[in-house]
Amino acid sequence: MQAKIVLLPGDGVGPEVVDQAQAVLLAVAKQRGHSFGFETCLMGGIAIDETGEALPPETLAACQRADAVLLGAVGGPKWDNPKAKTRPEMGLLGIRRGLGLYANLRPVRGYTELLGSSPLKPDRVEGVNLLVVRELTGGLYFGAKYREDTPKGVRVVDTLEYHAFEIERIVRLAFEIARGRKKKVTSVDKANVLESSRLWRETATELGAKFPDVTLEHQLVDSCAMRLVTAPGSFDVIVTENMFGDILSDEAAVLTGSLGMLPSASLGEGRLGLYEPIHGSAPDIAGKGIANPLGTILSAALLLRHSLGLEAEAVSIERAVEKALARGARTRDLGGDKTVSTAGMGEAVIAALEG
Ligand code: NAD
Ligand code: IPM
Ligand code: MN
């Protein structure tokens with residue numbers, strides 16, 4: 001098949017990890033007779049430097065024309081000035097909202113090969129296979145926010161708002177996905193404090209009645225954070241609002257062994273999706289060629305699955321990652337005595353694809 005893929009390498013380690021994922025996609029295309037055309041666009045800090053805007057209109061337009069978008073990461077200390085008019089992260093939020101990508105899927109696996117890389121006890125982590133379904137275009141991220149001077153000093157406001165339909169569509173998706181998995185949904189909220197969470201819980205309960213084959217449980221976000229590291233094997237699908245999902249998914253990366261391992265897919269109503277590792281631009285290791293590219297490579301697998309419908313190809317990448325790990329390839333974040341570079345890990349995955 002032919003497909004148009006927009007690459008948004010972004011900042012920090014973004015370009016390093018996207019290069020490897022692109023190489024893996026090219027290897028799969030060659031192996032299976034597909035033709036993937038790539039267009040690289042500016043987004044994030046690099047776009048601010050070159051155009052003054054974090055998300056130039058040409059970039060958004062190119063993404064809208066594409067079959068799928070693969071992103072590295074954005075941000076870094078260079079653009080952290082609190083007085084700046086725009087920030088790299090605004091580009092990312094703009095693209096998620098601009099493409100209507102309200103559903104962020106973040107699969108988390110406890111790879112047998114990486115049991116030694118997690119600081120958690122192996123018996124807790126082995127066999128973990130959970131999915132965080134994070135609402136991505138609402139909540140605190142997109143509500144009104146401002147700062148004002150008052151007689152009592154500076155006052156700041158961040159608003160957490162949701163429409164019922166925004167909660168309904170993401171929770172419904174979680175139930176639908178759970179049907180094809182272990183049939184369990186954990187709806188995570190803070191219903192003991194937040195009005196938005198109370199609507200979230202009501203909505204999940206109402207939808208739960210429509211999915212009698214799926215077990216629904218509600219859990220408060222604070223105790224969920226604890227349970228994620230004490231009994232991670234007890235989860236199947238976790239569905240939660242934007243900010244809770246952001247925080248819980250970085251925590252869940254500990255189960256796999258490194259933040260560099262986790263991929264994500266951001267989806268809307270159509271087939272177009274945005275695929276990115278869950279980690280950031282990792283300024284502390286950028287430019288050193290040591291970043292773990294597997295989160296981005298696994299995001300490329302999700303791209304093949306969800307936007308291009310190439311399930312067998314997606315699985316072949318996922319198997320190749322496991323094989324490369326089984327053969328001992330480890331970037332520095334995964335520990336071990338002998339480590340490979342970012343490019344070395346990409347090569348190990350491509351070698352594993354080939355046999
Ligand atoms: P981070 O995810 O960039 O880094 C946290 C830690 O994890 C660092 O020690 C880093 O070295 C390590 N790490 C991250 N990715 C890694 C990889 N692939 N391989 C090995 N180690 C890896 O989080 P941060 O330091 O809090 O944020 C840095 C910048 O990234 C901020 O500007 C933030 O806004 C941005 N950010 C962007 C995205 C995104 O573009 N999707 C996501 C998260 C953070
Ligand atoms: C992520 C990131 C982003 C988020 C930031 C960079 C806006 O942390 O993709 O997890 O909070 O969604
Ligand atoms: Mn995050």
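Domain bounds here come from an automatic or database domain assignment. Keep in mind that this is a predicted model: local features need pLDDT of at least 70, side-chain atom pairs count only at pLDDT 80 or more, and totals for chains, interfaces and linings use all residues. Residues are numbered from 1 along each chain as its sequence is written, chains are lettered from A and ligands numbered from 1 in the order in which they are written, and side-chain values use heavy atoms, with hydrogens and water left out.

**View 1. Ligand 2 sits between two domains.** Domain 1 (1-106 + 256-355) and domain 2 (119-255) both supply residues to the shell around ligand 2, so that is why it lies between them. Who's in the shell? Look for Glu89, Leu92, Arg96, Arg106, Arg134, Tyr141, Asp246 and Ile278; a residue counts as near if one of its heavy atoms lies within 4 Å. Helix 4 (residues 88-98) gives the largest share, 3 residues. Helices are DSSP runs (H or I, at least four residues), numbered from the N terminus.

**View 2. Polar contacts hug ligand 2's oxygen atoms.** A polar contact is a pair of N or O atoms within 3.5 Å. Polar side-chain atoms do the job here: Arg96 has one 2.7 Å from a ligand 2 oxygen, Arg134 has one at 2.8 Å, and Asp246 has one at 2.9 Å. On its own, ligand 2 has 320 Å² of accessible area, and the protein covers 79% of it (Shrake-Rupley method, 1.4 Å probe). The shell splits into 3 nonpolar, no polar and 5 charged residues; Asp, Glu, Lys and Arg count as charged, and Ala, Val, Leu, Ile, Met, Phe, Trp, Tyr, Cys and Pro as nonpolar, with the others, Gly among them, as polar.

**View 3. Ligand 1 has 20 residues around it.** Val74, Glu89, Gly280, Ala282 and Asp284 come nearest. Check out Gly76, with a backbone N or O atom 3.2 Å from a ligand 1 oxygen. A ligand 1 nitrogen lies 2.9 Å from a side-chain N or O atom of Glu276, and a nitrogen of ligand 1 is 2.8 Å from a polar backbone atom of Asn292. The protein buries 70% of the 800 Å² that ligand 1 exposes when taken alone.

**View 4. The largest nonpolar core has 83 residues.** Such a core is a set of buried Ala, Val, Leu, Ile, Met, Phe, Trp, Tyr and Cys residues joined through side-chain atoms within 4.5 Å, where buried means under 20% relative accessible area (1.4 Å probe, protein chains only). Phe36, Leu130, Val171, Met261, Leu304 and Leu325 touch the most other members.

Note on methods:
A polar contact is a pair of N or O atoms within 3.5 Å; within protein, one must be able to donate a hydrogen and the other to accept it, and residues adjacent in sequence count only if both atoms are side-chain atoms. Helices (H or I, at least four residues) and strands (E, at least two) are DSSP runs, numbered from the N terminus. Buried means under 20% relative accessible area, exposed over 50%, partly exposed in between (1.4 Å probe, protein chains only).
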